Amino acid sequence: VQLQASGGGLVQAGGSLRLSCAASGRTASNANMGWFRQAPGKEREFLAAISWYGTSTKYADSVKGRFTISRDNAKKTVYLQMNSLKPEDTAVYYCAADGAYHVLSIRPAYWGQGTQVTVSS
């Protein structure tokens, strides 16, 4: 699976952004997908995951209620809608994929290249 993330940018605190991650490859249609982020000097952090059919989702406590993960299997694309953004959400955001949903939040097999999100105060 190859992953291409996009949609990052600069936004003011309280604003919104929507990230997209397009998947390609012969197993892209049934890959479980998720989002992580890494801020400078910090470890990579799991944010959200969605099962390949979209029936199961899970979120980190830090983003629950503000971020929403969704997917469009016809487009082989997963989205991360981010609302009520805070300066501490500033990070490089990565999409990820794995054939096993329970592994996705821990050690996904596939990674996208990352997209920068900067939230100004």
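## A strand-rich chain, from overall build to single residues

Let's start with who touches whom: of the contacts between residues at least 6 apart in sequence, 55% link residues that are at least 24 apart. Keep in mind as you look around that this is a predicted model.

**The overall build**

What are the building blocks of the chain? There is one helix, and there are eleven strands. Walk along from the N terminus and you meet them in the order β-β-β-β-β-β-β-β-β-α-β-β. In other words, nine strands come before the helix and two come after it.

How does the radius of gyration fit with a compact globule? For 121 residues, a compact globule would come out near 14 Å, and the chain has 13 Å, so the two agree. If you want a box to picture, the C-alpha atoms fill one of roughly 40 × 25 × 25 Å, taken along the principal axes.

Now for the inside and the outside. Of the 121 residues, 45% are buried. The accessible surface adds up to about 6200 Å², and carbon and sulfur atoms account for 48% of that. As for charge, the chain carries 13 positive and 7 negative side chains, and the centres of these two sets sit 6 Å apart.

**The nonpolar core**

The largest nonpolar core has 34 residues, and the members that touch the most others are W35, L80, M82 and Y93. Which strands feed this core with at least two residues each? They are β1 (2-6), β3 (17-24), β4 (32-38), β5 (45-50), β7, β8, β9 and β11 (115-120).

**Three strand residues up close**

L19 belongs to strand β3. Is L19 buried or exposed? Its relative accessible area is 0%, and buried means under 20%, so L19 counts as buried. Leaving out residues up to four places away in sequence, L19 touches S6, G7, G8, W35, V78, Y79, L80, M82, Y93, T115 and V117. That list includes W35, L80, M82 and Y93, the four core residues that touch the most other members.

A23 is in strand β3 too. Its relative accessible area is 8%, so A23 is buried.

V92 sits in strand β9. Here the relative accessibility is 22%, so V92 counts as partly exposed. Again leaving out residues up to four places away in sequence, V92 touches F36, R37, Q38, G114, T115 and Q116.

Each of these three residues can also be paired with another one, to set the gap along the chain beside the C-alpha to C-alpha distance in space:

| Pair | Apart in sequence | Apart in space (C-alpha to C-alpha) |
|---|---|---|
| L19 and R44 | 25 residues | 17 Å |
| V92 and A22 | 70 residues | 17 Å |
| A23 and I106 | 83 residues | 20 Å |

What is the distance in space for L19 and R44, which are 25 residues apart along the chain? Their C-alpha atoms are separated by 17 Å. For V92 and A22, 70 residues apart in sequence, the value is also 17 Å.

**Two loop residues with positive phi**

Finally, have a look at two loops. K76 lies in the loop between β7 (67-72) and β8 (77-82). The phi angle of K76 is near 55 degrees, a positive value in a residue that isn't glycine. With 31% relative accessibility, K76 counts as partly exposed, because that label covers values between 20% and 50%.

Where is S84? Follow the chain past β8 and you find S84 in the loop that leads to β9 (91-98). S84 also has a positive phi without being glycine, with a value near 50 degrees. Its relative accessibility is 41%, so S84 counts as partly exposed.

How values were computed: Residues numbered from 1 in each chain as written. Predicted model: local features only at pLDDT ≥ 70, side-chain atom pairs only at ≥ 80, totals over all residues. Heavy atoms only, no water. Helix = DSSP H or I, 4+ residues; strand = E, 2+ residues; numbered from the N terminus. Rg over C-alpha atoms; globule rule 2.2 N^0.38 Å. Buried < 20%, exposed > 50% of the residue type's maximum accessible area, 1.4 Å probe, protein only. Contact = heavy atoms within 4.5 Å. Areas by Shrake-Rupley, 256 points an atom, 1.4 Å probe, with all protein chains shown as cover. Lys, Arg positive; Asp, Glu negative; His and termini not counted. Charge placed at Lys NZ, Arg CZ, Asp CG, Glu CD. Core = buried A, V, L, I, M, F, W, Y, C linked by side-chain atoms within 4.5 Å.
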